[in-house]
2 protein chains.
Amino acid sequence: MSDNVVPIKRSQSSAPSLAPILSLTATPMNAVNAIILDRMQSEIPLIPALAGHLIAGGGKRMRPMLTLAGAELVGYQGSRHHKLAASVEFIHTATLLHDDVVDGSETRRGKEAANIVFGNPATVLVGDFLFSRAFELMVEDGSLKVLKILSSASAIIAQGEVDQLTAQRKIETSEERYLHIIGAKTAALFAAASRIAAVVAECDEAQEAALDAYGRNLGVAFQLVDDAIDYDSDAAEMGKDRGDDFREGKMTLPVILAYARGNAEERRFWEEAIAGFRTDDEDLAHAVKLIRQHDCVSATRERARHYAQRACDALSIFPDGRAKAAMVEAAQFAVARGY
Amino acid sequence: MSDNVVPIKRSQSSAPSLAPILSLTATPMNAVNAIILDRMQSEIPLIPALAGHLIAGGGKRMRPMLTLAGAELVGYQGSRHHKLAASVEFIHTATLLHDDVVDGSETRRGKEAANIVFGNPATVLVGDFLFSRAFELMVEDGSLKVLKILSSASAIIAQGEVDQLTAQRKIETSEERYLHIIGAKTAALFAAASRIAAVVAECDEAQEAALDAYGRNLGVAFQLVDDAIDYDSDAAEMGKDRGDDFREGKMTLPVILAYARGNAEERRFWEEAIAGFRTDDEDLAHAVKLIRQHDCVSATRERARHYAQRACDALSIFPDGRAKAAMVEAAQFAVARGY
């Protein structure tokens, strides 16, 4: 079967791109999308309407893509990973829906967020439905090992989200704590999505751990760059509301570094801003200026490069080939995107 | 080991009571409570604080009690059901937390609701955490059959909650639709909680189905009586905010019957009230008067009696004894409570 048309055009320059991993996973991703579409149905029409608003709204399907790419990497021949990749995407979608309620988001993926269109109550409950569906899909697959990996990841994600909430508006949040939070809220599912490819393929423990490390480090890199882009005046539009993190008083790495590197007056500004007393457009502009002045976006990207490099090096135990090259380029893309 | 002190005093009259089932399950319930307390812990202090607010706040532990009583009924000798009963209570607690956010509840179990004390964001996320923990506990037990029963019940609960949301403020909601909703949002977990006792005890299919039927019918009876009490001017205080259903425009059976039995003028009142245009104390008093005039509370209790009877009759395949007698009395209590 030939690969399907890839939705993101490979750039003409040498900039790293998701094109190779999208191409690598295009055929199985069609199967995953069919399962997602089928299993988000319900006799209650509001459920597919709300779920479809977010799911059909696009998104890169990064996490199921990791399961599919991992399966290619280890030469898995079966199709169990299709259902599990759909399960991973359902867990992710459930957390996005709940995040939008928690943050009071107005847009998501460039359109109105589900909570705005359908209200908070329905958004919370459809998130619960998708989460339950995710477990139903895993149970159908029947691997207790996969169930353990994904139920544990889900508990860690929820803890990371609560921890992030606790750190919100707390200027004293350290880089170490921030890394702990994004390791839980983002990287845990990236790691689990990659690892389960090795589980279905019955790989040895070292290969499982290597795929876990690839996903985990890639997840940290992705989140770091997401958080950098929110303050990057040069960044291309990413579908994320610019300045959201600032107004919500989220302690992301660019702010942590700008605060650490700032003088007394700048620190006072950050203290007031993160406490919620400086949320105007001029305040955001001042924040972006300070962050640029102290090179905090590029420092955050440098941190991301470190984790992306670790992700790539974790793949060293696998043979070279199309899958590995695509996964390496995906990690490079994670760092470079938004430029 | 002797039974522990039972928190609810057996009434001096012949009124049915939960005392026998509480006594029957007192010792294993201590084990379940220890697991609940242990597994709601987290390195993030907000999680046990919020979860503990609701969990320590009491509640009858009705659902785990069904698992424990079912295990007694079938003579199960192991302890696997302790972890699973805790898992069932975590699922229930997660849905209560999300319900309180969805309904904007102000009180729960006679004290301030978690969403009021800790805010909606933390309440949603700790619900997610408990839900994930529930699955972790099931995975530790390792029965795919139990996982299938409880993941399926969870998806059905979420669908029932969304369906209830869709029916809210819709005066045309039928008794059939109402029964479908409470069958999903309440009875599905009662059924699953009972059924898994038969699964861990490796009972035959007929015994599994009988315990499922007991739990399911008991759940319907419980919800019917809950909904009757909300309009019962004679009812003892139940820790539920009187008139909440009315103000939220929930189409519960007392309203469905009062609307069906009312004249044109009364129907106009109900149409306006359920649409949200009559929410004053006098409106509630008028609603209670109409409901009493058409015997809708007693009719709802009669419906509950029917389901409670079906619950008891489902137990006929089991030998008589202390467990069965306690479970029968629990079903009688479900109908009689609040008088």
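The following exercises, with worked solutions, concern a predicted model with chains A and B.

**Exercise 1.** Determine which rotation and shift superpose chain B on chain A, and through which surface the copies meet.

*Solution.* Step one: chain B is brought onto chain A by a rotation of 180° with 0.0 Å of shift along the axis, at an RMSD of 0.0 Å. Step two: this is therefore the relation of a two-fold axis. Step three: 100% of the interface residues of chain B are also interface residues in chain A, so the copies meet through the same surface.

**Exercise 2.** Describe how helix α7 of chain A packs against helix α7 of chain B.

*Solution.* Two packed helices are described by the angle between their axes and the distance between the axes. Step one: the axes of α7(A) and α7(B), each spanning residues 120-141, come within 12 Å and cross at roughly 15°. Step two: angles under 35 degrees count as roughly parallel, so α7(A) is roughly parallel to α7(B). Step three: the crossing of α7(A) past α7(B) is right-handed. Step four: V124(A), D128(A), F131(A), S132(A) and F135(A) meet V124(B), D128(B), F131(B), S132(B) and F135(B). The residues of this contact comprise six nonpolar, two polar and two charged.

**Exercise 3.** Establish whether V225(A) is buried or exposed, and identify its contacts beyond four places in sequence.

*Solution.* Step one: V225(A) lies in helix α10 of chain A, residues 205-229. Step two: its relative accessible area is 0%; buried means under 20%, so V225(A) is buried. Step three: beyond its neighbours within four places in sequence, V225(A) contacts R301(A), A304(A), A334(A), V335(A) and R337(A). Step four: V335(A) is 110 residues from V225(A) along the chain, and their C-alpha atoms are separated by 6.3 Å.

Terms used
Residues are numbered from 1 along each chain as its sequence is written. Chains are lettered from A and ligands numbered from 1 in the order in which they are written. This is a predicted model: local features need pLDDT of at least 70, side-chain atom pairs count only at pLDDT 80 or more; totals for chains, interfaces and linings use all residues. Side-chain values use heavy atoms; hydrogens and water are left out. Axes are lines fitted to C-alpha atoms, for helices over the stretch in contact, and angles run from 0 to 180 degrees between N-to-C directions. Helices (H or I, at least four residues) and strands (E, at least two) are DSSP runs, numbered from the N terminus. Angles under 35 degrees count as roughly parallel, over 145 as roughly antiparallel, 65 to 115 as roughly perpendicular and the rest as oblique. A crossing is left-handed if the near helix is turned anticlockwise from the far one by less than a right angle, and right-handed if clockwise. Contact means heavy atoms within 4.5 Å. Ala, Val, Leu, Ile, Met, Phe, Trp, Tyr, Cys and Pro count as nonpolar, Asp, Glu, Lys and Arg as charged, and the others, Gly among them, as polar. Buried means under 20% relative accessible area, exposed over 50%, partly exposed in between (1.4 Å probe, protein chains only). Copies are superposed by least squares on the C-alpha atoms of residues with pLDDT of at least 70 in both.
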